Amino acid sequence: MCDQFKNSMMLEFDMSDLGKMKYFLGVEVKQCSGGIFICQRRYAKKLLTRFGMMDSNAVKNPIVSGTKLRKDDGNERVDETQYKQVVGSLMYLIVSRPDLMYGVSLISRFSARPTKSHWLAAKRILRYIKGTTDLGVFYRKGESNFKLLAFTDSDYAGDLDDRRSTSGFVFMLGYGAISWGSKKQPVVALSTTEAEYIAAALCACQCIWLRRVLKKIGLEEKTGTVIMCDNSSTIQLSKNPVFHGKSKHIDVKFHFLRDLVNDGIVNLSYCASENQVADIMTKPLKLEQFEKLRSMLRVTEITEVS
């Protein structure tokens with residue numbers, strides 16, 4: 001199919017075949033016999049040089065476990081322009097770095113009025129990048145179980161300013177992560193069940209879109225997509241409205257999850273909290289757990305691929 005497309009394009013346009021893609025829009029692509037590895041080493045080093053962090057001391061995690069940030073923390077204000085530049089630059093880096101997703105999402109909430117504590121949090125992410133410039137996502141060739149698998153999770157009332165929860169999701173296809181996200185929920189949840197249910201509904205939206213994309217490229221999902229969740233009440237609530245006391249406050253728009261489950265499009269399944277990959281998208285973790293989940297995302301160093 002690729003050869004046929006290239007030949008047809010050469011007939012219409014003056015172009016040459018440069019072989020396999022190695023570098024595209026700041027993303028480095030390494031294709032080998034074992035699979036495909038994508039990273040942004042060059043962009044990460046330019047980012048560190050631009051903000052004067054190339055000689056900084058590296059750290060092993062982007063955010064210290066237990067870190068809580070709020071808008072009006074009483075600290076002195078910092079330069080908004082530079083802060084926004086850091087946030088914007090980091091947003092492009094998460095294209096190949098799902099381990100940075102939560103940290104970048106967190107600091108982006110304070111772009112309007114950044115303070116010194118927010119700036120220190122942003123600098124810690126840069127220090128983490130300093131020691132992990134060679135990290136990227138590896139997609140192993142020949143994976144037998146080539147099916148879409150999703151993980152969804154949330155923290156409960158983690159934002160200190162408005163007490164909203166954070167939703168996180170990760171989609172795996174074959175061996176590596178192909179889609180991930182971390183976002184503050186649009187409403188205040190009144191229970192952990194409600195927070196997890198809203199997170200699962202948002203994950204289901206992304207699931208529907210990915211299933212359509214896969215169908216367009218000839219990889220139609222014949223069965224329902226499994227969404228892994230570590231909350232039993234959320235799974236039961238998605239199947240029938242028995243938890244009326246826990247669900248009566250949930251916005252109607254999130255209940256379409258129940259229709260998707262009943263139609264067999266998605267299937268919520270339980271997984272243990274320690275194996276919940278999406279946990280890395282919702283809160284700062286202890287170093288041991290952070291490194292474990294990062295490995296489960298198939299984030300590896302380019303030297304290991306070589």
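The points below concern the pockets, the cavity and the exposed nonpolar surface of this predicted model.

1. Largest pocket. The largest pocket holds about 540 Å³ of space. Its lining comprises 18 residues, and those closest to the centre are Cys2, Lys20, Met21, Gln31 and Ile36. Helix H1 (2-12), strand E2 (27-32) and strand E3 (35-39) are the elements that contribute two or more residues to this lining. Among the elements, H1 gives the most to the lining of the largest pocket, with four residues. Sorted by class, the lining of the largest pocket consists of nine nonpolar, four polar and five charged residues.

2. Second largest pocket. About 430 Å³ of space lies in the second largest pocket. Of its 16 lining residues, Ile36, Ile38, Tyr139, Leu173 and Ile178 are the closest to the centre. Two or more lining residues come from each of E2, E3, strand E4 (135-140) and strand E7 (176-184). The class count for this second lining is 13 nonpolar, one polar and two charged residues.

3. Elements and residues named for both pockets. E2 and E3 appear in the list for the largest pocket and again in the list for the second largest pocket. Ile36 is likewise named among the residues closest to the centre of the largest pocket and among those closest to the centre of the second largest pocket.

4. Enclosed space. The count of cavities of 30 Å³ or more comes to one. The largest cavity has a volume of about 70 Å³. Its lining is formed by Pro62, Ile63, Asp99, Tyr102, Gly103, Ile280, Lys283, Pro284, Leu285 and Phe290. By class, seven of these lining residues are nonpolar, one is polar and two are charged.

5. Nonpolar surface patch. Met21, Phe24, Leu25, Tyr92 and Val95 make up a nonpolar patch on the surface, and together they have about 480 Å² of accessible area. Met21 of this patch is also named among the residues closest to the centre of the largest pocket. Valine 95 is placed in the loop between helix H3 (80-93) and helix H4 (101-107). Valine 95 counts as partly exposed because its relative accessibility is 40%, and the partly exposed class lies between under 20% and over 50%.

6. Methionine 91. This residue is located in helix H3. Methionine 91 has a relative accessibility of 42% and therefore counts as partly exposed. Methionine 91 and histidine 118 are separated by 27 residues in sequence, and their C-alpha atoms lie 16 Å apart in space.

Key:
Residues are numbered from 1 along each chain as its sequence is written. This is a predicted model: local features need pLDDT of at least 70, side-chain atom pairs count only at pLDDT 80 or more; totals for chains, interfaces and linings use all residues. Side-chain values use heavy atoms; hydrogens and water are left out. Patches are made of residues with over 30% relative accessible area and no salt bridge: like charges are joined within 9 Å, nonpolar side chains (Val, Leu, Ile, Met, Phe, Trp, Tyr) within 5 Å. Accessible areas come from the Shrake-Rupley method with a 1.4 Å probe; for residues, only the protein chains shown count as cover. A salt bridge is a side-chain nitrogen of Lys or Arg within 4 Å of a carboxyl oxygen of Asp or Glu. Buried means under 20% relative accessible area, exposed over 50%, partly exposed in between (1.4 Å probe, protein chains only). On a 1 Å grid over the protein atoms alone, a cavity is a set of points where a 1.4 Å probe fits but cannot get out, and a pocket is an open set with protein on both sides within 12 Å along at least five of seven lines; lining residues have an atom within 4 Å of a point. Grid points are joined across faces, edges and corners, and a volume is the space filled by probe spheres set on the points. Ala, Val, Leu, Ile, Met, Phe, Trp, Tyr, Cys and Pro count as nonpolar, Asp, Glu, Lys and Arg as charged, and the others, Gly among them, as polar.
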